[in-house]
Amino acid sequence: MIYYLLDFLNKRSSSSTNSLELEVSGPPKTYLMIKSTAILDRKGQTVGTVSLIENITAEKEIQKVKEDFIATVTHDLKNPITSVIGYTDILLHPRNPQTEEQRKVCLQNIRQSAESLTFMVNNLLDTSKIESGVMQYNLLPFDISTLIRKAGTSFEPVLQDKNATFIFSVEEPFWVIGDRVALESVINNLIGNAAKYTSEEGFVEVASENNGDTVAIIIRDNGPGIPRDFMPFIFKRFHQARGAKSGSGLGLYIAKNILEGHKQTLTLTSEEGKGTTFSFSLEKADASSLQTHGDK
Ligand SMILES: Nc1ncnc2c1ncn2[C@@H]1O[C@H](COP(=O)(O)OP(=O)(O)O)[C@@H](O)[C@H]1O
Ligand SMILES: [Mg+2]
């Protein structure tokens, strides 16, 4: 490093400011930006140099996280698009007639790919709304059990692939007060994560717990759990634990923010090798309330 530094200072030009970026191997790995300007006398001769050394490690880390994010999002968007193109090609092939059963399988796969694209795009839109501070919550009574059933059905193929089970332990119907659309995103992200990470032959359980004026919604899985050293970063956007299975690292950031918008917190307990539990509370509603979101 010293060699680069000396070489840089020796090469200083008499007319401009030079800059050099240096990586100092860690731990902790540090990045330095050195800016150097020549001091000239009246005749324009260089008589010295002023150098400024700046620690740019934080900026470099953000840049890396953003680059990784773009790479994973592009990769994740590509998979379902490739699948839609592939299955439509099969359906449209004139010399390749399918049986009714084969057509159904193709259409189910197209439907599933479209659903995962919608899920990813919704996460990107939610993040952008949260970031720009324009996320608004329309708090009205609605039945949360329907949203949980719907999420359980849409992640069923993920669970089936590993022979895992969805356990539904929620009172039906269960009326709460909240923004139905935003809370659907919370539920989809939490159940989606549990389905993605639960173990082979494992389970995802969603339960409700009555606590007076509020209800707790609890989402459990028996996957690998969350590494202890990753816990402080888990709710930060773009962050994923080592060995994360696809995704863009936005789901938990969105869920936490939406719940804060409902004056609630997202609680996490996890034990490595045993599983993970996320839970949050919502205010209960009177089922006879007149103004509702309606069911979409
Ligand atoms: N139920 C879970 N079990 C194990 N790890 C999880 C679970 N939920 C989240 N994680 C970890 O937290 C990270 C962030 O989750 P999330 O914000 O939803 O992003 P994504 O799912 O796009 O990776 C995941 O990449 C994963 O490492
Ligand atoms: Mg996720």
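Start by selecting the hairpin of β2 and β3: five residues sit between the two strands, and glycine 44 has a positive phi near 85° there. Keep in mind as you click around that this is a predicted model.

**The hairpin strands**

Now widen the selection to residues 30-40, which make up β2; this strand runs antiparallel to β3, and nine bridges join the two. If you want one pair to label, pick alanine 38, which stands opposite threonine 49 in β3. Then colour β3 by burial. Residues 46-55 form this strand, and none of the ten counts as buried, so β3 lies largely in the open.

**Colour by domain**

Next, paint the chain in three colours. The domain assignment gives domain 1 as 2-55, domain 2 as 60-132 and domain 3 as 140-284. Put a pseudoatom at the C-alpha centres of domain 2 and domain 3 and you should get a separation of 22 Å. Where the two touch, domain 2 puts in 13 residues and domain 3 puts in 15. On the domain 2 side, α2 (57-92) and α3 are the elements that give two or more residues. Which of them gives the largest share of that side? It is α3, with eight residues. Colour the domain 2 side by class and you'll find five nonpolar, five polar and three charged residues.

**Along α3**

Stay on α3 and select residues 100-132. How does its span compare with what 33 residues should give? At 1.5 Å a residue the helix should span 48 Å, and the end C-alpha atoms are 48 Å apart, so the two agree. As you scan side chains along it, remember that an α-helix has 3.6 residues a turn, so residues three or four places apart point the same way.

Stop at valine 105, which sits in this helix. Buried, exposed or in between: what is valine 105? It has 13 other C-beta atoms within 10 Å, and since 12 or fewer would make a residue exposed and 20 or more buried, valine 105 is partly exposed. Draw a distance from its C-alpha to that of tyrosine 87: the two are 18 residues apart along the chain and separated by 9.1 Å. Then step off the end of the helix to glycine 133, just after α3, where phi is positive at about 75°.

**Over to β5 and its loop**

Jump to serine 169, in strand β5. This residue counts as exposed because its C-beta has 12 neighbours inside 10 Å. Setting aside neighbours within four places in sequence, serine 169 is in contact with Glu205, Val206 and Ala207. A C-alpha to C-alpha distance to isoleucine 217 comes out at 9.9 Å, for a pair 48 residues apart in sequence.

Move on to the loop between β5 (165-169) and β6 (175-178), where you'll find proline 173. Check omega on the bond from glutamate 172 to proline 173: the value is near -15°, and the peptide is cis. For context, most peptide bonds are trans, and most residues other than glycine have a negative phi.

**Two positive phi values outside glycine**

Select glutamate 201, in the loop between α6 and β7 (203-211). Its phi is positive, about 60°, although glutamate 201 is not a glycine. With 10 C-beta neighbours inside 10 Å, this residue counts as exposed.

Then try phenylalanine 238, in the loop between β8 (214-221) and α7. Here phi is near 70°, again positive in a residue other than glycine. Phenylalanine 238 is partly exposed, with 19 other C-beta atoms within 10 Å.

**Finish at ligand 1**

Bring up ligand 1 and the 19 residues around it; those that come nearest are Gln240, Ala241, Ala244, Gly247 and Gly251. By class, the shell divides into nine nonpolar residues, nine polar and one charged. Both α6 (180-197) and α7 (251-261) supply at least two residues of it. Which element gives the largest share? That is α6, with four residues.

Leave α6 selected for a last look. The helix has 18 residues and reaches 25 Å from first C-alpha to last, close to the 26 Å expected at 1.5 Å a residue. Of those 18 residues, 16 are buried, so α6 is largely enclosed by the rest of the structure.

Conventions:
Residues numbered from 1 in each chain as written. Chains lettered and ligands numbered in written order. Predicted model: local features only at pLDDT ≥ 70, side-chain atom pairs only at ≥ 80, totals over all residues. Near = placed C-beta within 6 Å. Nonpolar A, V, L, I, M, F, W, Y, C, P; charged D, E, K, R; others polar. Expected span 1.5 Å × (residues − 1). Domains from an automatic or database assignment. Contact = placed C-beta atoms within 7 Å. Pairing = 2+ DSSP bridges.
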